[in-house]
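Colleague: I am new to this structure and should like to understand the terms used for it. May I put some questions to you once it is shown?

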Amino acid sequence: MDADLGDYRKSYEKGALLLDNVPENPIELFRNWFIEVERHFNIEETNAMTISTIGLDGYPKSRVVLLKKYTHEGFIFYTNYESEKGKAILENPNVCLSFFWHSAERQIIIKGKAEKIPENLSDGYFESRPRGSQLGALVSNQSEVVTNREVLETKLKALELKFEGQPLERPEYWGGFMVRPVELEFWQGRPNRLHDRIRYQLQEDYNWKIDRLAP
């Protein structure tokens, strides 16, 4: 069945991004945008981002994960290291993150290299998670084929009984990645498709080169 979406239209009217007004460090601009979107726009899970990897089969693949921390060094999220995503990153650490905040008419695209964070940091975050999420990490052999949902639910009940009243330790196969950025592009929707695009590129001296791109 064909579906012609050529008549879908939207006019972008909510903001501007001018080269004269951006900070020298892109993480500062990311922080400013994140706070503005969280405070002033009705967006659930502002920290939801798409991560794209190159799979072991050579194909790119994108999926949504949750950003759990950002610093001047990079962007941290957590996953199963033995999942399809985890294996892809460990084989090829070049990844892309993207945020699209539709209500704010803003997008950020981040290219960078992912690396495992120290184990003590993964331990600390795992301890902070709700117990149900901790058990979920133990139950799921992420990305592997399962016969049906009952297999997972049965395993969950067994683990609940086994560890009742006991603290749960982080499994070695689960933890955090930090994406250290080498390029960030900030996109602000504008009328007549003349959108604002500002790109930051990391230089050899660790300063950032800032350019405006054509929409």
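**Pockets, cores and their definitions**

Modeller: Two strands, β6 (106-116) and β7 (174-188), each supply at least two residues of the lining of the second largest pocket. This is a predicted model, in which local features need pLDDT of at least 70 and side-chain atom pairs count only at pLDDT 80 or more, while totals for chains, interfaces and linings use all residues. Residues are numbered from 1 along each chain as its sequence is written, and side-chain values use heavy atoms, with hydrogens and water left out.

Colleague: What makes β7 a strand?

Modeller: A strand is a DSSP run of E of at least two residues, and a helix a run of H or I of at least four, both numbered from the N terminus. By this rule the protein chain has five helices and nine strands.

Colleague: Why is a space called a pocket?

Modeller: On a 1 Å grid over the protein atoms alone, a pocket is an open set of points with protein on both sides within 12 Å along at least five of seven lines. Lining residues have an atom within 4 Å of a point. For the second largest pocket these include Asn-25, His-72, Lys-113 and Trp-208, and β7 gives the largest share, three residues.

Colleague: What is the volume of the largest pocket?

Modeller: The largest pocket has about 300 Å³, and the second largest about 250 Å³. A volume is the space filled by probe spheres set on the grid points, which are joined across faces, edges and corners. Of the 16 residues lining the largest pocket, Tyr-78, Thr-79, Arg-129, Gln-142 and Trp-174 lie nearest its centre.

Colleague: What makes a set of residues a nonpolar core?

Modeller: The members are buried Ala, Val, Leu, Ile, Met, Phe, Trp, Tyr and Cys residues, joined through side-chain atoms within 4.5 Å. Buried means under 20% relative accessible area, with a 1.4 Å probe and protein chains only. The largest core has 32 residues, and Phe-30, Ile-108 and Phe-186 are among those that touch the most other members. Its largest share, six residues, comes from α1.

Colleague: Which residues does Ile-108 touch?

Modeller: Contact means heavy atoms within 4.5 Å. Not counting residues up to four places away in sequence, Ile-108 touches Phe-30, Trp-33, Leu-97, Ser-98, Phe-99, Trp-101, Glu-185 and Phe-186.

Colleague: How much of the protein chain counts as buried?

Modeller: Of its 215 residues, 38% count as buried.

How values were computed. On a 1 Å grid over the protein atoms alone, a cavity is a set of points where a 1.4 Å probe fits but cannot get out, and a pocket is an open set with protein on both sides within 12 Å along at least five of seven lines; lining residues have an atom within 4 Å of a point. Buried means under 20% relative accessible area, exposed over 50%, partly exposed in between (1.4 Å probe, protein chains only).
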